[in-house]
Amino acid sequence: MEELAREAGITVRTVRFYRERGLIPPPRREGRIAWYDTHHLARLRTIAALLERGHTLNGIAELSDAFDKGRDVGELLGFGESTEEQPVRLTPEELADHFAGEVTPENLAAAMDLGYLGTDGDEIVHISRRLLDASSTLVRKGVPLAAVLEAGERVREHADALAELFITVMRTHTPDTAEVEIEELRPVAKSVVEAELSMALDRRLNQT
């Protein structure tokens, strides 16, 4: 514990307090010796960074609990290897910077349930660079993160329906090589959706 405290730049009393509050996991024990590792050090540095960003210890404890119960990144990426999306690795403090004041246990759990976030050791993995950038932009524009996540869930439902429509049409009207044809026509499907969404936005904006 003394070595851990020295590496983290805090007192042994603080480390003991964090342990009692459940902010860091218990050490591995061998007889009377308690072993701490890089995971404990990373967690202490995360706590310090979040405290600097204005989070309370109670809030950090709730975030830590939600983080520890999060979906593993292997489960998150288990939909297959074929994807155009670029996952993004984030520390908890980097996530807090993207969504200043909006990273609550409720929002973290909602993002994990939606499949936007997973965990890999002490890192958080966001499923898509484009979705991360879009979400953080909306939050900076004043949209609450909870509303962004709720909208994302509805968009996911519509996107699944559109994907099913395209695949059904392709498999119905193409020969046995449909799987290859479907992958080749991915850009066509994206173009159709982008064009229709653009025109739909024009229609809605012209109504106001």
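**A guided tour of the predicted model**

Begin by selecting Leu162, Leu165, Val169 and Val193, which together make a nonpolar patch on the surface with about 300 Å² of accessible area. The model on display is a predicted one. Helix 9 supplies the largest share of this patch, three residues. One residue to highlight is Val169, which is placed in helix 9. Val169 has a relative accessible area of 43% and is therefore classed as partly exposed, since that class lies between 20% and 50%.

Next, stay with helix 9 and colour residues 145-173. This helix also gives the most to a negative surface patch, with five residues. To display the patch, select Asp113, Glu150, Glu153, Glu157, Asp160 and Glu164. Glu153 is located in helix 9, and its relative accessible area of 45% makes Glu153 partly exposed.

Now turn to the strands. Select strand 4 (residues 117-120) and strand 5 (residues 123-126), which pair in the antiparallel sense over four bridges. Which residue of strand 5 is the bridge partner of Thr119? The partner is Ile124. The two strands, strand 4 and strand 5, form a hairpin with two residues between them. In the turn, select Gly121, whose phi is positive, at about 65°.

The following stop concerns charged pairs. Side chains of opposite charge can pair when their charged atoms come close. The structure contains four salt bridges, and three may be visited here:

- Select Glu84 and Lys190, a salt bridge whose closest N and O atoms are 2.8 Å apart. Glu84 lies in the loop between helix 5 (73-76) and strand 3 (88-90), whereas Lys190 lies in helix 11 (residues 186-207), so the pair ties together parts 106 residues apart in sequence. Glu84 is partly exposed at 44%, and Lys190 is partly exposed at 40%.
- Select Arg130 and Glu85, where the closest N and O atoms of the salt bridge are 2.3 Å apart. This pair links distant parts of the chain, 45 residues apart: Arg130 is in helix 8 (residues 129-140) and Glu85 is in the loop between helix 5 and strand 3. Arg130 counts as exposed, at 52% relative accessibility, while Glu85 is partly exposed at 25%.
- Select Arg28 and Glu30, which form a salt bridge with the closest N and O atoms 2.5 Å apart.

For the final stop, select Arg53, found in the loop between helix 3 (38-52) and helix 4 (57-68). Then add Gly101: the C-alpha atoms of Arg53 and Gly101 are separated by 8.8 Å, although the two residues are 48 residues apart along the chain.

How values were computed
Residues are numbered from 1 along each chain as its sequence is written. This is a predicted model: local features need pLDDT of at least 70, side-chain atom pairs count only at pLDDT 80 or more; totals for chains, interfaces and linings use all residues. Side-chain values use heavy atoms; hydrogens and water are left out. Patches are made of residues with over 30% relative accessible area and no salt bridge: like charges are joined within 9 Å, nonpolar side chains (Val, Leu, Ile, Met, Phe, Trp, Tyr) within 5 Å. Accessible areas come from the Shrake-Rupley method with a 1.4 Å probe; for residues, only the protein chains shown count as cover. A salt bridge is a side-chain nitrogen of Lys or Arg within 4 Å of a carboxyl oxygen of Asp or Glu. Lys and Arg count as positive and Asp and Glu as negative; His and the chain ends are not counted. The place of a charge is taken as NZ of Lys, CZ of Arg, CG of Asp or CD of Glu. Buried means under 20% relative accessible area, exposed over 50%, partly exposed in between (1.4 Å probe, protein chains only). Two strands pair if DSSP finds at least two bridges between them.
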